[in-house]
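The following exercises train the reading of a protein model step by step. Please work through each task before turning to its solution.

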Amino acid sequence: MKEITLNNGEKMPQLGFGVYQIPNEETAKSVYEAIKVGYRLIDTAISYHNETETGQGIKRAIDDGIVTRKELFITTKLFVNNVFNEQTAAQAIEGSLDRLGLDYIDLFLLHQPYGDIYGAYRALGKAQHNGKIKSIGVSNFDSGKLIEFAQMNDVGLPQINQIEINPWHQRVEDLDWNHKYNIQPEAWAPFAEGRNNLFTDPILSNIGAKYGKSVGQVVLRWLIQRDVVVLAKSTNPNRMLENFNIFDFELSDEDMQTIHSLDQKASAFFDHKDPKMVEWFMGRIIKDKPDMKRG
């Protein structure tokens with residue numbers, strides 16, 4: 001497994017396993033199986049409502065001697081209803097530690113660019129100073145917001161910016177800005193959830209055939225070679241293994257450029273600056289605010 005050194009000196013696996021949209025009843029087993037395959041980066045979030053089950057899968061893997069806690073890199077995130085102010089963020093951090101059953105979390109992110117992100121980031125910084133979090137960062141921050149945030153907060157540079165990156169939305173300029181500020185980009189939805197028939201795309205399929213690899217493996221390898229940390233998700237152990245086996249080949253410069261030609265320069269999902277989406281996220285605050293004690 002290739003590792004990336006973050007701007008605070010911590011090392012992070014470049015390929016990880018995400019649990020977004022995995023049903024609660026399948027999460028613990030999926031996390032356990034992913035760790036068995038070899039994944040060491042596990043990514044969850046308060047808003048996924050499966051931190052508890054993620055922690056159960058981690059505990060089982062540790063108890064069975066498959067891995068030690070120090071070998072794992074666990075990520076979770078504060079949602080919009082956790083960033084009203086520094087105090088609510090601090091309470092949410094403690095809640096995540098409790099649900100995950102961990103003494104510390106390797107990476108804690110601000111999940112969305114909304115709310116009192118500066119107060120919430122101060123809470124992350126204090127938890128980092130106290131050893132409850134190793135690294136801190138942001139998610140879904142466009143380049144302009146990231147530059148503002150990097151220069152205006154009083155905690156320090158984020159270690160990570162987790163954003164949508166896939167063949168349809170390659171974020172070339174955004175990656176340049178992230179790297180300029182020494183903030184590591186991390187990709188969510190590398191397969192765009194199969195949108196635009198990604199898994200049967202003839203260009204990606206032809207590239208995969210050259211190496212004896214699947215389209216999914218080609219996409220993951222393409223991101224690895226762009227120095228992006230990437231998350232893959234599956235509940236099928238065979239597919240988990242397939243996604244993991246991307247370190248035994250390298251895409252040629254020509255193939256990298258061919259994939260570059262697929263860039264549509266638009267999200268496969270939605271724009272975080274779209275007023276309709278901002279309104280939707282604000283609606284989630286009302287729905288999720290009453291009780292966030294369970295993951």
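## Exercise 1: Salt bridges

In this predicted model, Asp227 and Lys2 form a salt bridge whose closest N and O atoms are 3.6 Å apart. Task: determine where the two partners lie in the chain, and classify each as buried, partly exposed or exposed.

Solution. Step 1: Asp227 belongs to the loop between helix H8 (215-225) and strand E10 (229-232), while Lys2 belongs to the segment before strand E1 (3-5). The two residues are 225 residues apart, and the pair links distant parts of the chain.

Step 2: Asp227 has a relative accessible area of 37%. Partly exposed covers the range between 20% and 50%, so Asp227 is partly exposed. Lys2, at 37% relative accessibility, also counts as partly exposed.

Step 3: A search of the whole structure gives 15 salt bridges.

## Exercise 2: A salt bridge between two helices

Task: Glu51 forms a salt bridge with Arg99; state which helices the pair ties together, and whether each partner is buried or exposed.

Solution. Step 1: The closest N and O atoms of Glu51 and Arg99 are 2.6 Å apart. Because Glu51 lies in helix H2 and Arg99 in helix H3, the pair ties together parts that are 48 residues apart in sequence.

Step 2: Buried means a relative accessible area under 20%. Glu51 has 0% and is therefore buried; Arg99 has 7% and therefore counts as buried.

Step 3: A further salt bridge joins Lys126 and Glu86, with the closest N and O atoms 2.6 Å apart. Lys126 lies in helix H4 (residues 117-129) and Glu86 in helix H3, so this pair ties together parts that are 40 residues apart in sequence. Glu86, Arg122 and Lys126 are linked in a network of salt bridges.

## Exercise 3: Helix H2

Task: compare the reach of helix H2 with the expected value, and list the buried residues of H2 together with elements that cover them.

Solution. Step 1: Helix H2 (residues 51-63) has 13 residues. From its first C-alpha to its last, H2 reaches 18 Å, which is close to the 18 Å expected at 1.5 Å a residue.

Step 2: The buried residues of H2 are Glu51, Thr52, Glu53, Thr54, Gly55, Gly57, Ile58 and Ala61. An α-helix has 3.6 residues a turn, so residues three or four places apart point the same way.

Step 3: The cover over these buried residues includes helix H1 (24-37), strand E4 (41-43), strand E5 (73-78) and helix H3 (86-100).

Step 4: Just after H2, Gly65 takes a positive phi of about 75°.

## Exercise 4: Aromatic rings

Task: the model holds 14 aromatic pairs; describe the geometry of the pair Trp188 and Phe269 and the parts of the chain that it ties together.

Solution. Step 1: A pair of aromatic rings is described by the distance of the centres and the angle of the planes. For Trp188 and Phe269, the centres are 5.4 Å apart and the planes stand at 45°, so the pair is tilted.

Step 2: Trp188 lies in strand E9 (residues 184-188), and Phe269 in the loop between helix H10 (253-260) and helix H11 (275-288), so the pair ties together parts that are 81 residues apart in sequence. Phe269 is partly exposed, with a relative accessible area of 23%.

Step 3: Ring pairs also link Phe79, Tyr114, Phe270, Trp280 and Phe281 into a cluster.

Step 4: Charges can be examined as well. The charged end of Arg60 sits over the ring of Tyr32, 3.6 Å from its centre, and that of Arg69 sits over the ring of Tyr104, 4.0 Å from its centre.

## Exercise 5: Arg171 in its surroundings

Task: where is Arg171 found, and which residues does Arg171 touch, not counting residues up to four places away in sequence?

Solution. Step 1: Arg171 is found in the loop between strand E8 (160-164) and helix H6 (172-180). Its relative accessible area is 13%, and Arg171 is buried.

Step 2: With residues up to four places away in sequence left out, Arg171 touches Ile163, Glu164, Ile165 and Arg226.

Step 3: A polar atom of the Arg171 side chain lies 2.9 Å from the backbone oxygen of Glu164.

Methods: Residues are numbered from 1 along each chain as its sequence is written. This is a predicted model: local features need pLDDT of at least 70, side-chain atom pairs count only at pLDDT 80 or more; totals for chains, interfaces and linings use all residues. Side-chain values use heavy atoms; hydrogens and water are left out. Buried means under 20% relative accessible area, exposed over 50%, partly exposed in between (1.4 Å probe, protein chains only). Contact means heavy atoms within 4.5 Å. A polar contact is a pair of N or O atoms within 3.5 Å; within protein, one must be able to donate a hydrogen and the other to accept it, and residues adjacent in sequence count only if both atoms are side-chain atoms. Rings of Phe, Tyr and Trp (its six-membered ring) pair if their centres lie within 6.5 Å; planes under 30 degrees apart count as stacked, over 60 as edge-to-face and the rest as tilted. A charge sits over a ring if NZ of Lys or CZ of Arg is within 6 Å of the ring centre and within 35 degrees of the ring normal. The expected span of a helix is 1.5 Å times one less than its number of residues. A salt bridge is a side-chain nitrogen of Lys or Arg within 4 Å of a carboxyl oxygen of Asp or Glu.
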